[in-house]
Amino acid sequence: DEMDVDTIWMDGEFVDWDEAQVHVLTHGLHYGSGVFEGARCYETEKGPALFRWEEHLERLFQSAKPYEMDIEFTKEELTEATKELIRRQELPSCYVRPIAYYGYNSLGVSPKDCPTRTAIAVWPWGAYLGEDALENGIDVMISSWRKHSSSQIPTNAKTTGLYVNSMLAGEEARRNGYAEAIVLNKEGHVAEGPGENVFLVRDGEIYTPALSESILDGITRDSVITIAEDLGYTVHDNVSISRGELNTADELFFTGSAAEVTPIRKVDNVVIGDGSRGPVTEELQQKFFEIVEEAPDEYAEWFEFVDIE
Ligand SMILES: Cc1[nH+]cc(COP(=O)(O)O)c(CN[C@@H](CCC(=O)O)C(=O)O)c1O
């Protein structure tokens, strides 16, 4: 396989990539009834380590709750399976995709007798929005689609079905020549990206939408808030941000396990700051990359080491 990975873990078994199949009448395929995670294993100076793995595993189990999905493996079993996948394929730097979903039995919206299935895949994944994006930033578009409201579906659960909203917004942006979208919530306030949280810098202070703004409780969002506060910045993480405040921002950036820290240099036709990666964004981005490179003692609890040899 061109991604030089050949094994996937499914329901307790390691299967060949090409054998990792599900039945076409799988409930999750028809109704979006899956929950998933996106995490990274970083090849740190102290060895390969899963970044904030405990938080990602916890969110996976929390995401399953509203759907009464009963994941039949423990966190320890999923952790060992993930480490074994990394070892077998010698992928010290990779992206990790656990998923739990209602499988195949009878169809109909109620998953009544459908089993809960669990799988984990890992693969090499570089800069989510492109290598150039990390240094030079990206142009984004405010989507004409609104984020689903947390009153309609738990937006703090990473549910597969939610991502058709992300797909609609992101593809609309790319169709119009932008790299990614920013999605407003039904109140018209800034929510997040299709697969990222949004941060704003103004007069040296940092702002990011409150969790109540129908957004995912991002783990990278949490990491960057911690890093920013450790660097002495004032962070406002319980605010609502209007569309107009994007235009007058000094800096904007995305955070995510895949996106890491990606500067935003333009929103629709409005240049943000001087149209390049802002100084605060650069400082936070460089500190983030320094941390995932060095796995320093100060952030030791963020690293779950994978002994490869
Ligand atoms: C809607 C959304 N909001 C925020 C985030 C950032 O959350 P966190 O990774 O915990 O910092 C992500 C992660 N998006 C994942 C899926 C990307 C994909 O294309 O699939 C990811 O970054 O892995 C989202 O999907």
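**Exercise 1. The largest cavity**

Task: Sort the lining of the largest cavity by class: how many residues are nonpolar, polar and charged? Then find out where the cavity lies with respect to the two domains.

Solution:
- Step 1. The lining of the largest cavity is made of four nonpolar, four polar and two charged residues. Keep in mind throughout that you are working with a predicted model.
- Step 2. Now find these residues in the structure: Ala39, Arg40, Tyr42, Phe51, His56, Thr220, Gly256, Ser257, Glu260 and Phe288.
- Step 3. Look for the main contributor. Strand E4 (residues 39-44) gives the largest share of this lining, three residues.
- Step 4. Check the volume, which is about 60 Å³. The whole structure was searched, and one cavity of 30 Å³ or more turned up.
- Step 5. Place the cavity. Both domain 1 (7-123) and domain 2 (131-294) contribute to its lining, so the cavity lies between them.

**Exercise 2. The largest pocket**

Task: Describe the largest pocket: what is its volume, and which element gives the largest share of its lining?

Solution:
- Step 1. The volume of the largest pocket is about 670 Å³.
- Step 2. Its lining has 40 residues, and those closest to the centre are Tyr128, Lys158, Tyr163, Pro194 and Gly195.
- Step 3. Go through the elements that each give at least two lining residues: helices H2 (53-64), H5 (163-175) and H6 (219-230), together with strands E6 (94-102) and E14 (251-256). H5 gives the largest share, seven residues.
- Step 4. Sorted by class, the lining holds 15 nonpolar, 15 polar and 10 charged residues.
- Step 5. Finish with the domains: domain 1 (7-123) and domain 2 (131-294) each provide at least three residues of this lining.

**Exercise 3. The second largest pocket**

Task: Work out which residues are closest to the centre of the second largest pocket, and which strand gives the most to its lining.

Solution:
- Step 1. The space in the second largest pocket is about 490 Å³.
- Step 2. Of its 17 lining residues, Ala20, Val22, Ile99, Tyr101 and Ala119 are the closest to the centre.
- Step 3. Strand E1 (7-10), helix H1 (27-31), E6 and strand E7 (116-123) supply at least two lining residues each. E7 gives the most, with four residues.
- Step 4. The classes here are 13 nonpolar, three polar and one charged.

**Exercise 4. Two helices and their buried residues**

Task: For H5 and then H2, compare the span with the expected value and explain why the buried residues of H5 line one face.

Solution:
- Step 1. H5 has 13 residues. The expected span is 1.5 Å times one less than the number of residues, and for H5 this gives 18 Å. The model's span, from the first C-alpha to the last, is 17 Å, close to that value.
- Step 2. List the buried residues of H5: Asn165, Ser166, Ala169, Gly170, Glu172 and Ala173. Looking down the axis of H5, these residues fall within an arc of 155 degrees, so they line one face of the helix.
- Step 3. Turn to H2, with 12 residues: it reaches 17 Å, close to the expected 16 Å.
- Step 4. The buried residues of H2 are Trp53, His56, Leu57, Arg59, Leu60, Ser63 and Ala64. Their arc around the axis is only 160 degrees, which puts them on the same side of H2.
- Step 5. Make a link: His56, buried in H2, is also one of the residues lining the largest cavity from Exercise 1.

**Exercise 5. Buried, partly exposed or exposed?**

Task: Decide whether arginine 52, aspartate 203 and arginine 97 are buried, partly exposed or exposed.

Solution:
- Step 1. Recall the cut-offs: buried is under 20% relative accessible area, exposed is over 50%, and partly exposed is in between.
- Step 2. Arginine 52 has 6% relative accessibility, so this residue counts as buried. Arginine 52 sits in the loop between strand E5 (47-51) and H2, and its phi is positive, near 50 degrees, although the residue is not glycine.
- Step 3. Aspartate 203 has 63% relative accessibility, so this residue counts as exposed. Its place is the loop between strand E11 (197-202) and strand E12 (205-209). Aspartate 203 also has a positive phi, about 50 degrees, without being a glycine.
- Step 4. Arginine 97, in strand E6, has 23% relative accessibility and therefore counts as partly exposed.
- Step 5. Finally, pair arginine 97 with phenylalanine 36: they are 61 residues apart in sequence, yet 6.9 Å apart in space from C-alpha to C-alpha.

Definitions and conventions. Residues are numbered from 1 along each chain as its sequence is written. This is a predicted model: local features need pLDDT of at least 70, side-chain atom pairs count only at pLDDT 80 or more; totals for chains, interfaces and linings use all residues. Side-chain values use heavy atoms; hydrogens and water are left out. On a 1 Å grid over the protein atoms alone, a cavity is a set of points where a 1.4 Å probe fits but cannot get out, and a pocket is an open set with protein on both sides within 12 Å along at least five of seven lines; lining residues have an atom within 4 Å of a point. Grid points are joined across faces, edges and corners, and a volume is the space filled by probe spheres set on the points. Ala, Val, Leu, Ile, Met, Phe, Trp, Tyr, Cys and Pro count as nonpolar, Asp, Glu, Lys and Arg as charged, and the others, Gly among them, as polar. Domain bounds come from an automatic or database domain assignment. Buried means under 20% relative accessible area, exposed over 50%, partly exposed in between (1.4 Å probe, protein chains only). The arc is that of the directions from the helix axis to the C-beta atoms.
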